[in-house]
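Work through the exercises below with the structure open. Try each task before reading its solution.

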Amino acid sequence: MSGFVLALIAVVALLHWQAGLPEIPTVWLIVPLLAALPWWARTRWRPVAGPLWGGLSGALVAVVLVQGHASAWLDRVIMVEQRGLEVTVTARIVSLPEHDAARSRFRIAVEAGDPAAGLPAGRELQVTAYPPRPEARAGEQRRMVLRLRPPDGHANPGGFDRVAWFYREGLHGSATLREWGPPVAAPAHGPLRNRARGALHRVRGTVRARLHAAAPELQHPGLVQALILGDRQAMTDAEWSAFLRTGTNHLMAISGLHVGLVAGFGGLLATGFWTLAGPLQRVLRRPAFAALVAMVAAAGYAALAGFSIPTQRALVMLLAVLIAMLLRRTSLAWRGLALAAVLVLVLHPASILAAGFWFSFGAVAVILALLQGRMRRLGWRDAASLQVLLALAMLPLSLAWFQLGSWIAPVANLLAVPVVSFLVLPLLLVAAGLGFVAEPVARLLLGLADGMLGILVLALQWLAGLPVGVDERFVPLTASVLGGLAVVLLIQPRARLAGVWIVLAAFAMALPVRPELAPGAFRVDLFDVGRGQAVLVRTRGHALLYDAGYGREDGYSAGSTIVVPALRAVGVRSIDRMILSHEHPAHAGGADGIRAQIPVAEVLRRVPRAGADERECGAGETWRWDGVRFRLLHPPPGWDGTAASSCVLKVDNAAGGVLLTGGLRGLGEAVLLRQVSPSLLDSDLLVLPRGADDEILRRGLLDAVAPQRVWTSIAAGQRKSQEGLRQALRETGREWRDTAMHGHLWLELDEPVRGGRGYRQEQRRFWHRVTRPAARVPDTGASRGGPALIEWTDDDSAQ
């Protein structure tokens, strides 16, 4: 069985790593499987043939599962050509609606679509409504007018793959609600699955409303909702940060630990009831009755959490463990874990993309390995050492998935796990039930649990603030695998014999990610931040960030959510100088989010803020870093902070130059062309002013700079505005690249000049084909002065 399971997991993971689904007829996979049967049947070769046959069958099942699941999603997904299309549908709300001050968001299942517009029934969409629609209720069926949007997202090293999230969640796209009608009075029609999901989430909504009514004055309502309903939307940033930075964030996601605890509580209550119920003792044995009640309790709690994928995974694992206990076969624990993994992937192959899959099964595997061979009951010291080793074992995964590892996680978990598991969670679950029959008692219990959570958050915030408590950096996949290998060796019974190998494997995680540039060379990275701009310029020993991405007053910051993970992924852990070209939120809005997470030595901007350790940028300032020259060419003294006043930066060395123009336009562009000599403007790469269109062709900037390559930062919905400019530049033989099409871009100016094809092409997966047509890689030889000295590579050397 081990060969089958390992092959299934490995091939499912491998197929999800590919740019396209393999076009392999199933018959060609069955042939070697059948050919191996006679060999396997020979008893003398069975020790070898058995695992081989199991591996072949596991690989076959994996291919069939992934092909079927992925093809079904790709056949229904909203295509890029349908962006902005308005359709009228009848749909049912099949999730717990989320409401805040600006919007409402919920999931719908289309039950009567618009086939003429390419949206028949059967699609599932994430719908956002502006302004919020608090009247939305789970299970309602309404007629809606929607503006469609395909699965889309930013493409950067270390960034969140939003399209993969759509695929994993079974969503075929998103939409903006334009208008809707009243709920259908008696929506009896529609698929049974949709009606069942709607009814389930309607119950969850009722529980949430009861909790609010019972205790509206709670200080931590988001934590209460997270633990009872698995709904984290009301958690504050400070609360989430406290749990994340201490490695205790798993407590706020209902999964194996919570489901197992509820099952344990149910089993204990069942055992007590069984001892008092004489007639029941003649029907069921005590272990069987306890296991049955434990499973029912766990299923009920999973239903409260909306039967999310982590809870489904936990239920399957719990069922396997209970069967092993009933059969009194502790050796079945590993087989139960393997069976759970198989069932999860059979039911939902895309689970392989979820961090929870690897954390859940990895944590259980570590626990089983540490407990293997123990015959006596665990004491509190054993439990504490187990928790410490488990937290350390999860460190490679945490660094790989979240760019964050908590060295204080063992201590924090020793505090948080008992508090949440044995004090807070029982109180909350009892209060949730009493909220329907005894509201005053429910209010008392909720207040008591809320107070405990408040003390816990304060303790976690203190731990997170310790100087060496948190390690925030990117760890490449290969280093994470080696770190995982170190964990496997560490938990072996004779770990001391492998001490050298453990140290060597773990050492890979400490190696720097940042590529070593030669003296005099520099590298430019243009990040994909959508409706904003962020450019990183690195020399051998310095890093400069030009613009910081978009930011809003409501707290959203592309700087913290997009730019910071990308900076860590390319090996940058501090910024020597940040230049904000002008004061528009698309360029300067993300600055505070970056400074909150990454040290920034100096900030230059058009309008420095009092007391913020900033100074004004303007024409005339020059400096050298590691043999690379930096010059500010615009604006002259006395200009304001508008786009026309953008700080224009020229970076050059012996291999070429780069011109960064911010949001330059109008009078600013004319002044730049008039006051700066053509030799200073001449550059190999021009990063266009954000929002530039074909008018720039007539104003003379492109002729003055005469670039071989032109880059622009633009959102996917804005590409049509640059179609004329894009075509004109291609006709002149210049290379055009934009972040909407190519994602993150990089160019290394050394001998020879090197550049990537764009992150969307370098890291393409089969689910990405719905977001962009394959980008044409320009002919690099069609540049001024003969063949271009550029070597386009397939991989990003920064990773």
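The exercises go from the whole chain to pairs of helices and then to single residues; the model is a predicted one.

**Exercise 1. The chain as a whole**

Task: State how many helices and strands the chain has, and what share of its residues count as buried.

Solution:
- Step 1. The secondary structure consists of 29 helices and 24 strands.
- Step 2. The chain has 799 residues, and 52% of them count as buried.
- Step 3. Take the contacts between residues at least 6 apart in sequence: 70% of these join residues at least 24 apart.

**Exercise 2. Helices α8 and α10**

Task: Describe how α8 and α10 cross, and sort the residues of their contact into nonpolar, polar and charged.

Solution:
- Step 1. Helix α8 covers residues 256-276 and helix α10 covers residues 286-304. Their axes come within 7 Å and cross at roughly 140°.
- Step 2. An angle has to be over 145 degrees to count as roughly antiparallel. The pair α8 and α10 is therefore oblique.
- Step 3. The crossing of α8 and α10 is right-handed.
- Step 4. On the α8 side, the contact is made by H258, V259, V262, A263, G266, G267, A270, T271, F273 and W274. On the α10 side, R286, F289, A290, V293, A294, A297, A298 and Y301 take part.
- Step 5. Sorting the residues of this contact between α8 and α10 gives 13 nonpolar, 4 polar and 1 charged.

**Exercise 3. Helices α5 and α17**

Task: Find the angle between α5 and α17 and the distance between their axes, then classify the pair.

Solution:
- Step 1. Helix α5 (residues 192-214) packs against helix α17 (residues 439-464) at an angle of about 80°, and the axes are 9 Å apart.
- Step 2. Angles of 65 to 115 degrees count as roughly perpendicular, so α5 is roughly perpendicular to α17.
- Step 3. The contact is formed by L211, A213 and A214 from α5, together with E439, R443 and L446 from α17.
- Step 4. The contact of α5 with α17 has 4 nonpolar residues, no polar ones and 2 charged ones.

**Exercise 4. D528 in a loop**

Task: Is D528 buried or exposed, and which residues is D528 in contact with?

Solution:
- Step 1. D528 sits in the loop between β9 (522-526) and β10 (535-538).
- Step 2. Buried means under 20% relative accessible area. D528 has 2% relative accessibility, so D528 counts as buried.
- Step 3. The side chain of D528 reaches the backbone nitrogen of A155 at 2.9 Å.
- Step 4. With neighbours within four places in sequence left aside, D528 is in contact with G153, H154, A155, N156, I562, T739, G743, H744 and R760.

**Exercise 5. Three residues in helices**

Task: Decide for A416, L386 and S679 whether each is buried or exposed.

Solution:
- Step 1. A416 belongs to helix α16 (residues 409-434). A416 has a relative accessible area of 0%, so A416 is buried. Beyond four places in sequence, A416 is in contact with T248, L251 and L456. The C-alpha atoms of A416 and T246 are 9.8 Å apart, although 170 residues separate the two along the chain.
- Step 2. L386 belongs to helix α14 (residues 380-393). Its relative accessible area is 17%, so L386 is buried. Beyond four places in sequence, L386 is in contact with I367 and L370.
- Step 3. S679 lies in helix α24 (residues 678-681). Exposed means over 50%; S679 has a relative accessible area of 58%, so S679 is exposed.

Conventions
Residues numbered from 1 in each chain as written. Heavy atoms only, no water. Axes fitted to C-alpha atoms, helices over the stretch in contact; angles between N-to-C directions. Helix = DSSP H or I, 4+ residues; strand = E, 2+ residues; numbered from the N terminus. Parallel < 35°, antiparallel > 145°, perpendicular 65-115°, else oblique. Left-handed = near helix turned anticlockwise from the far one by under 90°. Contact = heavy atoms within 4.5 Å. Nonpolar A, V, L, I, M, F, W, Y, C, P; charged D, E, K, R; others polar. Buried < 20%, exposed > 50% of the residue type's maximum accessible area, 1.4 Å probe, protein only. Polar contact = N/O pair within 3.5 Å; in protein donor to acceptor, adjacent residues only side chain to side chain.
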